[in-house]
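Colleague: I have the coordinates open. Can we go through the sheets, the DNA surfaces, the cavity and the domains?

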Protein chains: 2
Amino acid sequence: MGKRALPAAMIARLPLYLRSLDELGQRNPTISSVRLGAVAGVAATQVRKDLSYLGSYGVRGVGYRVEELRERLHRELGLTRGWGVVVVGIGNLGTALAEYSGLRLWGFRVVGLFDVDPARVGNKVNGLRIKHLDRMESVVEHEQAEIGIIATPAAAAQLVVDRLVKAGVRSILNFAPAVLQVPRAVTLRRVDVSSELQILSHHLARAAGRAAG
Amino acid sequence: MGKRALPAAMIARLPLYLRSLDELGQRNPTISSVRLGAVAGVAATQVRKDLSYLGSYGVRGVGYRVEELRERLHRELGLTRGWGVVVVGIGNLGTALAEYSGLRLWGFRVVGLFDVDPARVGNKVNGLRIKHLDRMESVVEHEQAEIGIIATPAAAAQLVVDRLVKAGVRSILNFAPAVLQVPRAVTLRRVDVSSELQILSHHLARAAGRAAG
DNA sequence: CGTTGTGAAGGTCTTCACAGCC
DNA sequence: GGCTGTGAAGACCTTCACAACG
C-alpha cells in the first residue's frame, strides 16, 4: 500500500542530521531533538517532525538512540549501497571532487574520471587514471555507475548529460552554469556557484540601500 | 512606504533569468515569458510573477524588452557594484573558484587568496599571490572586500568565518561541510556537495525499492 | 518530569484563471 | 490576437500547542 511521499525539504535535511551525529561522536547513547537541532542548525520541532516521517525512533522523556538513528538515516539515504560515481571534466573543480574524501566516507565509489583534453587524459588523480570521454559509456556499463558529476564548461554540459543518461546513469549532479534537460526518470540536481554569488550580491546591495535610506 | 520584502525563492531565480538572456544573445529585442521560462527551466507564469515584483517591465502582447530587463536584473542583483571577494583555503576547490571566469564576468573582483599551508603561500593563482591567513584582515580592510568564500576543511570553517565577520565581510559562501553560525546582519549561504550526493543517493534507493516492489 | 509525536494554524511559494492592455 | 499582470486557489513547508508516554 502506498507509502506517502516524503517531503523534499525534509530529505534535504537528513544529511545534516547524519553529519551532526558524526560530529557529536559516541559520547552519549541518546540525543534530544533540541540538541540535534542546535548542531544541525534546524529548529527542534522541525527535527521531530522530520524524524517522525521515518517512523517512531525516539523515546519520550529520553530522546533518540544515536546508533539506531544513524542506521535509519543511512538506510533512508541509500548510503549502504556503494553507488558508483563518475566525474566528467577534470579541471580544478573536477579534481577537487574526485579527491573529496566525503565521497568515500559516505560509501560512494569513484569509478571513472573523464575529460577530452589530451593534456589531462592519462594523468592520475587520487589513484585513478583520467580517461577520454569516449570511454565513458563502457566504464559506466562495466562498473555499474549510477551517479554522474558534471564539472565541464557550460557549453559541453547538455551533451555530456545526454550521454550519461543514455549510458544508464540515473542521478546527476551538475556544477556547470547551465540549465539542463533530463528525462523524468532521471534525478538532476544543480550546484550553482554563480547564482549563489549573485544572491549574496543582492543582499549586500539591499543592505547598502537600506543603510543609505 | 516600506518596500515589501521580495520572496527569497524569486531572488534565487533572477540569476537564471539573467544567464538565460545572455545565452539567447541579441537576436531579438524582446522575449516572452514562455520563451524565457523555457530557457531558464521555469514555468512561464512563474516568470511573469517574478518579474512583476520588479515593476512592470513587460509590454502586453509583445513581451519583455531584453536590454531593459537585463539592466533591471543587474541592478536588483547588485552586479554594478564590483564587490570585492576573498577566498580562504586554496586547495583544488579554492583554486577552481579563484580561477572561475564567472566571477569576473559578473563584475566581482577577487582581491585576496589565503591559506595556512606554507607549501601554498606565495604561489600565484590567476595572477594573484596566495597570502597567509594572518594577512586576511588587513587585505579585507584595505581592499574593501565584502564577500568571503570558505573552501577550507570543515574543522577550520567556523574560525575563518568569525575572522571574516570581524574583519567586516557581510556575505559568506561556505563550501565546507559544516553548519556555521554568523550574526544576523551577515548573509551566509551554503554549497553542500556531500548533502547533494546523499539526496541523489536517496532517490536512487527509492527508485530501486519501487522497482523491486 | 522531560521529551517525543502530531493535528492544527500560519506562512511561503506555485499554479490557475482571467482581466487588462498593446 | 497575443502577452503581461495579478487576485484567488492550491500545494507545500514550518511553527505552534499540547496530548501521549516512557
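Colleague: Which strand does β9 of chain B join through 4 bridges?

Modeller: This is a predicted model. Strand β9 of chain B covers residues 171-174. Its 4 bridges lead to a strand that runs parallel with it. That partner is β10(B).

Colleague: Which residue of β10(B) stands opposite Leu173(B)?

Modeller: Leu173(B) falls in strand β9, residues 171-174 of chain B. Its opposite number in β10(B) is Arg189(B).

Colleague: What is the strand order in the open sheet of 7 strands in chain B?

Modeller: The pairing in this sheet is mixed. Its edge strands, β6 (124-125) and β10 (187-190) of chain B, each pair on one side only. From one edge to the other, the order is β6-β7-β5-β4-β8-β9-β10.

Colleague: Chain B also has an open sheet of 3 strands. Why do β1 and β2 of chain B each have one side without a neighbour in the sheet?

Modeller: The order is β1-β3-β2, with antiparallel pairing. That puts β1 (30-31) and β2 of chain B at the edges. One side of each is left free of a neighbour because each has a single partner strand.

Colleague: Which residue of β3(B) is the bridge partner of Ile31(B)?

Modeller: β1(B) and β3(B) pair in the antiparallel sense over 2 bridges. In β3(B), the bridge partner of Ile31(B) is Tyr64(B).

Colleague: Now the DNA. Which residues come nearest to DNA strand D?

Modeller: There are 23 residues around DNA strand D. Of the strand D atoms within 4 Å of the protein, sugar and phosphate account for 60%. The nearest residues are Arg13(A), Arg60(A), Ser33(B), Arg60(B) and Tyr64(B).

Colleague: How far is a polar side-chain atom of Arg60(A) from a base nitrogen of DNA strand D?

Modeller: Arg60(A) is among the residues that come nearest to this strand. Lys49(B) also reaches a base of strand D: a side-chain N or O atom lies 3.2 Å from a base oxygen. Gly58(B) instead places a backbone N or O atom 3.1 Å from a phosphate oxygen. For Arg60(A) and the base nitrogen, the distance is 2.7 Å.

Colleague: Which elements of chain B supply at least two residues each to the surface near DNA strand D?

Modeller: Both chains contribute. Chain A supplies such residues from α1 (8-24) and α3 (44-52). By class, the surface has 8 nonpolar, 9 polar and 6 charged residues. The chain B elements are α3 (44-53), β2 (58-59) and β3 (63-65).

Colleague: Which residues are closest to DNA strand C?

Modeller: DNA strand C is surrounded by 23 residues. Sugar and phosphate make up 60% of its atoms within 4 Å of the protein. The closest residues are Ser33(A), Arg60(A), Tyr64(A), Arg13(B) and Arg60(B).

Colleague: How far is a side-chain N or O atom of Arg60(B) from a base nitrogen of DNA strand C?

Modeller: Arg48(A) has a side-chain N or O atom 3.1 Å from a base nitrogen of strand C. Gly61(A) uses a backbone N or O atom, 3.1 Å from a sugar or linking oxygen. For Arg60(B), the side-chain distance to a base nitrogen is 3.0 Å.

Colleague: What is the volume of the largest cavity?

Modeller: The structure holds 1 cavity of 30 Å³ or more. Its lining includes Leu21(A), Arg27(A), Ile31(A) and Val66(A). In chain A, α1 and β1 (30-31) each supply at least two lining residues. The volume is about 80 Å³.

Colleague: How many lining residues of the largest cavity are charged?

Modeller: Nonpolar residues number 4 and polar residues 3. Arg35(A) and Asn28(A) are among the lining residues. The charged count is 2.

Colleague: Last one. How far apart are the C-alpha centres of the domains of chain A?

Modeller: The domain assignment gives domain 1 (8-76) and domain 2 (84-195). Their C-alpha centres lie 31 Å apart.

Key: Residues are numbered from 1 along each chain as its sequence is written. Chains are lettered from A and ligands numbered from 1 in the order in which they are written. This is a predicted model: local features need pLDDT of at least 70, side-chain atom pairs count only at pLDDT 80 or more; totals for chains, interfaces and linings use all residues. Side-chain values use heavy atoms; hydrogens and water are left out. A residue is near a molecule or strand if one of its heavy atoms lies within 4 Å of it. A polar contact is a pair of N or O atoms within 3.5 Å; within protein, one must be able to donate a hydrogen and the other to accept it, and residues adjacent in sequence count only if both atoms are side-chain atoms. Ala, Val, Leu, Ile, Met, Phe, Trp, Tyr, Cys and Pro count as nonpolar, Asp, Glu, Lys and Arg as charged, and the others, Gly among them, as polar. Domain bounds come from an automatic or database domain assignment. On a 1 Å grid over the protein atoms alone, a cavity is a set of points where a 1.4 Å probe fits but cannot get out, and a pocket is an open set with protein on both sides within 12 Å along at least five of seven lines; lining residues have an atom within 4 Å of a point. Grid points are joined across faces, edges and corners, and a volume is the space filled by probe spheres set on the points. Two strands pair if DSSP finds at least two bridges between them.
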